[in-house]
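Student: I have a model open in my viewer and would like to look closely at one part of it. Could you start with the whole chain and then walk me to that part?

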Amino acid sequence: MTNLGDLEIFARVVSTGSMSAAGRALGFSPAVISKRIKRLEDRLGTRLLQRTTRQISLTEAGQGFYDRVLGILSGIEEAEAYASGRSSHALGVLRISAPTSFGRMHIAPHLTKFMKDHPDLKLHIVLTDEFTDIVADGFDMAVRIGELVDSSLVARKLAPVRRLLCASPEYIARNGAPTEIGDLADHLCLPAHNNDNWKLEGPEGALVWHPEGPLVTNSSEIVRAAVIAGAGIALRSTWDIGPELRSGQLVQVLPQWEGSKQLTLSAVYPSRQFLPAKVRLFIDYLARLYGPIPYWEQ
């Protein structure tokens, strides 16, 4: 009988398109993945994959086998999810992807309590500001900040995201404060991520503003430090700059304008009929922690 682990490895190689990616997701070296695939092919007496230096593709037999393997693995996953989803006991490994700054500020400080409540669960958390394919990259779930779009993933809103235009008092003292949206053209603006546009809502409805300034970076934390240091005007989330607004290190400008209200903080996970207990419990924990009026707004 074929080893169930070999079926999972085969399916992951096909879904990720490479043995290296499959190995990273499953915690094996590419050599081990290759050996297990060869063992599976030898047992079946047929080639399942065509391998070149650049890509992997399914043979005709491999395609038919893959279609059937997905059904087997889906059935097993559904059975496990059904059993574990009825439990309040989380165990195993929970793999999570989250944005860098938000993860550092609003997930990391709260992990101790969750781990204490669930001692049989191990957390693997990757912080990145890049989009992750949670299925291909082997994550159980991701915390994301953005507008919810249609996809094959399930999303649960954890909290609203409020973004304000802000600057340091020093910057305002040197350059004056804008009084209407068009005044931003005469100011140094700090885009959040590689010259991303600002989606704003205000008295004139919704508009998109292209911020112009001396700094281009893919790091949200660099922009945060720059606006606090007086380098210009930035559009920042209240979860990111709440303490600075309260202390006076930053002040809100153009208060009649805010970022798009379509932005949310959400937990996303693969679409499944039954949600594993480890995922459900962590999402419930975050939802209780943040809520409809999150603590950084209070």
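Student: How much area does the protein chain expose, and what share of it do carbon and sulfur atoms supply? After that, please take me to helix α8.

Tutor: Happily! One caution before the tour: this is a predicted model, in which local features need pLDDT of at least 70 and side-chain atom pairs count only at pLDDT 80 or more, while totals for chains, interfaces and linings use all residues. Residues are numbered from 1 along each chain as its sequence is written, and side-chain values use heavy atoms, with hydrogens and water left out.

To your question: the protein chain exposes about 15,700 Å², and carbon and sulfur atoms supply 53% of that (Shrake-Rupley areas with a 1.4 Å probe; for residues, only the protein chains shown count as cover). Of its 298 residues, 42% are buried (buried is under 20% relative accessible area, exposed over 50%, partly exposed in between, with a 1.4 Å probe and protein chains only). The C-alpha atoms fill a box of roughly 75 × 45 × 30 Å along the principal axes. Within it the chain has 10 helices and 14 strands (DSSP runs numbered from the N terminus: H or I of at least four residues for helices, E of at least two for strands). Among contacts (heavy atoms within 4.5 Å) with a separation of 6 or more, 75% join residues 24 or more positions apart.

Now to α8, residues 220-228. Its buried residues are S220, V223, R224, A226 and V227. They lie on the same side of α8, because the arc they cover around the axis is only 165° (taken from the directions from the helix axis to the C-beta atoms). What do these residues pack against? Their partners are two helices, α5 (100-107) and α9 (238-247), and the strands β7 (163-167), β8 (189-190) and β11 (233-237). After the helix comes G230, with a positive phi near 95°.

One of those partners, β8, leads us to the loop that joins α7 to β8, where H187 sits. H187 is buried, because its relative accessibility is 10%. Its side chain makes a polar contact with the side chain of Y171 at 2.9 Å (N or O atoms within 3.5 Å; within protein, one must be able to donate a hydrogen and the other to accept it, and residues adjacent in sequence count only if both atoms are side-chain atoms). Beyond four places in sequence, H187 contacts include E212 and I233, and I233 falls within the range of β11, the strand 233-237 that α8 packs against.

A177 lies in that loop as well, between α7 (169-175) and β8. Is A177 buried or partly exposed? It is partly exposed, because its relative accessible area is 46%. Outside four places in sequence, A177 touches I172 and H187. A177 and A90 are 87 residues apart in sequence, and their C-alpha atoms are 52 Å apart. For D120 and A90, in contrast, the values are 30 residues and 6.6 Å. D120 is in the loop between α6 (111-117) and β4 (121-127), and beyond four places in sequence it touches H89, A90, L91 and G92.
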